[in-house]
Amino acid sequence: MKNRMISAVCALAMAAAIPLTASAEKVQVDARINVVGRSATIKQESTLYVGEVVVDGETAFTYIYSEDITWSKTSFDMLRDGFKAMDNDSFSQLIPELTEEEEGKGAAVCSIPEYTADIDDNWKTASFAGMKYYEDFTSMSVDWVELYGNDESFAKACAFKEDTEIFNADGSPAEQYAPFGILTQVNSDNVTYTVEDGKLVKLVDREIDYGVEAIKVIYTKAEVSTKTLKGDVTGDNKVDTKDAMKVISFAKKTTTPKNDTEFKAADVNNDDKIDSKDAMIVINAAKTKKPIK
């Protein structure tokens with residue numbers, strides 16, 4: 001795992017010291033910073049994949065995976081807040097809790113701990129994870145969405161400061177297509193001033209430039225069905241005219257089922273054969289959209 005340190009480009013200047021006099025009184029004060037402008041330069045771009053596998057209507061497991069995300073407490077905290085803001089906040093529990101001292105690259109965590117070691121580049125889509133552990137599924141549908149641009153609650157929780165101009169590393173303006181996690185912090189120093197009487201506070205105007213990482217978050221969901229849906233010969237988790245045409249073909253002996261799953265789906269009256277009775281039941285189900293009991 002490669003390590004990379006990304007440093008801030010902003011430093012605060014110290015004010016000139018005021019000479020000491022015999023009657024001088026030392027006063028410890030904080031330098032006050034008047035921010036007159038903010039900008040952020042993208043030092044790195046990374047992608048975090050979050051996946052959910054749903055089996056027979058119930059979430060079986062969730063996971064996160066990234067090859068290149070930087071281990072940053074600020075970025076991870078921001079992502080965790082974003083996931084908590086979503087309707088399904090299960091992903092927030094997968095974001096590692098970091099201390100400031102920890103460093104690294106990449107992330108791989110599954111809600112089923114023993115699956116974590118299996119996570120690799122193929123887990124960019126939840127369909128692969130679903131097929132890995134549920135080989136006997138009869139259908140699967142996959143959703144793919146970029147969260148920052150499609151989930152308002154997530155985007156609001158992860159948004160960078162509104163008055164900040166975002167720039168690419170080459171200085172060109174960057175679109176806010178992803179949440180921006182601050183990788184470095186800008187701190188002010190305490191300055192000791194010597195005054196005759198009263199207190200003196202130095203006011204400093206500064207333009208702050210953050211070094212940031214642009215994180216794109218991709219969400220995929222795989223819905224797996226391990227149960228045979230009566231009449232669903234095509235395996236798309238519904239009964240329609242395509243299924244009806246196949247059952248008619250089986251009944252006429254024009255074609256035969258490719259496997260036992262197709263046979264069980266077509267034999268809707270469970271008499272161990274596919275005939276006109278099955279065809280009529282499937283045709284009716286395709287028209288009425290009612291499940292076959």
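**Figure 1. Salt bridges link Lys 73, Asp 77, Arg 80 and Glu 97 into a network.** The view is taken from a predicted model. Within the network, the side chains of Lys 73 and Asp 77 meet in a salt bridge, with 2.9 Å from N to O. Both residues belong to helix H1, which spans residues 73-84, and they are 4 residues apart, about one turn of the helix. Lys 73 is partly exposed because its relative accessibility is 30%. Asp 77 also falls in the partly exposed class, at 23% relative accessibility.

**Figure 2. Arg 80 and Glu 97 form a salt bridge.** The closest N and O atoms of Arg 80 and Glu 97 are 3.6 Å apart. This pair links distant parts of the chain: Arg 80 sits in helix H1, while Glu 97 is in the loop between H1 and strand E4 (105-110), and 17 residues separate the two. Arg 80 has a relative accessible area of 7% and is therefore buried. Glu 97, by contrast, counts as exposed at 62% relative accessibility. Arg 80 and Glu 97 belong to a network of salt bridges that also includes Lys 73 and Asp 77.

**Figure 3. Lys 221 forms a salt bridge with Glu 223.** The closest N and O atoms of this pair lie 3.2 Å apart. The relative accessible area of Lys 221 is 19%; the cut-off for a buried residue is under 20%, so Lys 221 counts as buried. Glu 223, with a relative accessible area of 33%, is partly exposed. Over the whole structure, the search for salt bridges finds 8.

**Figure 4. Asp 243 is a buried residue without a salt bridge.** Asp 243 is placed in helix H5, which covers residues 241-251. The nearest side chain of opposite charge is that of Lys 246, at 7.8 Å. A salt bridge requires a nitrogen-oxygen distance within 4 Å, so Lys 246 does not supply one to Asp 243. A polar atom of the Asp 243 side chain does lie 2.9 Å from the backbone nitrogen of Asp 240. When neighbours within four places in sequence are set aside, Asp 243 is in contact with Gly 231, Asp 232, Val 233, Thr 234, Asp 236, Lys 238 and Val 282.

**Figure 5. Asp 240 is likewise buried and has no salt bridge.** Asp 240 is located in the loop that runs between strand E9 (203-225) and H5. For Asp 240, the nearest side chain of opposite charge is Lys 238, 4.2 Å away. The salt-bridge cut-off is within 4 Å, so the distance to Lys 238 leaves Asp 240 unpaired by this criterion. The side chain of Asp 240 reaches the backbone nitrogen of Lys 242 at 3.1 Å, and the backbone nitrogen of Asp 240 is 2.9 Å from a polar side-chain atom of Asp 243. Apart from neighbours within four places in sequence, the contacts of Asp 240 are with Ala 286 and Lys 289.

**Figure 6. Cys 110 and Cys 158 are both buried.** Cys 110 is classed as buried because its relative accessibility is 5%. For Cys 158 the relative accessibility is 0%, so this residue is buried as well. A disulfide is a covalent bond between the sulfur atoms of two cysteines. The count of disulfides in the model is 0.

**Figure 7. Gly 149 is an exposed residue in helix H3.** Helix H3 consists of residues 147-150. Gly 149 counts as exposed because its relative accessibility is 58%. Its C-alpha atom is separated by 9.7 Å from that of Pro 179, a residue 30 places away along the chain.

**Figure 8. The protein chain as a whole contains 7 helices and 9 strands.** Of its 293 residues, 41% are buried. Among contacts between residues at least 6 apart in sequence, 74% join residues at least 24 apart. The average pLDDT of the protein chain is 79, and 78% of the residues score at least 70. In residues 1-25 the pLDDT is below 50, and this stretch has 43 contacts in the model beyond near neighbours in sequence.

Notes
Residues numbered from 1 in each chain as written. Predicted model: local features only at pLDDT ≥ 70, side-chain atom pairs only at ≥ 80, totals over all residues. Heavy atoms only, no water. Buried < 20%, exposed > 50% of the residue type's maximum accessible area, 1.4 Å probe, protein only. Lys, Arg positive; Asp, Glu negative; His and termini not counted. Polar contact = N/O pair within 3.5 Å; in protein donor to acceptor, adjacent residues only side chain to side chain. Contact = heavy atoms within 4.5 Å. pLDDT = per-residue confidence, 0-100. Disulfide = S-S within 2.5 Å.
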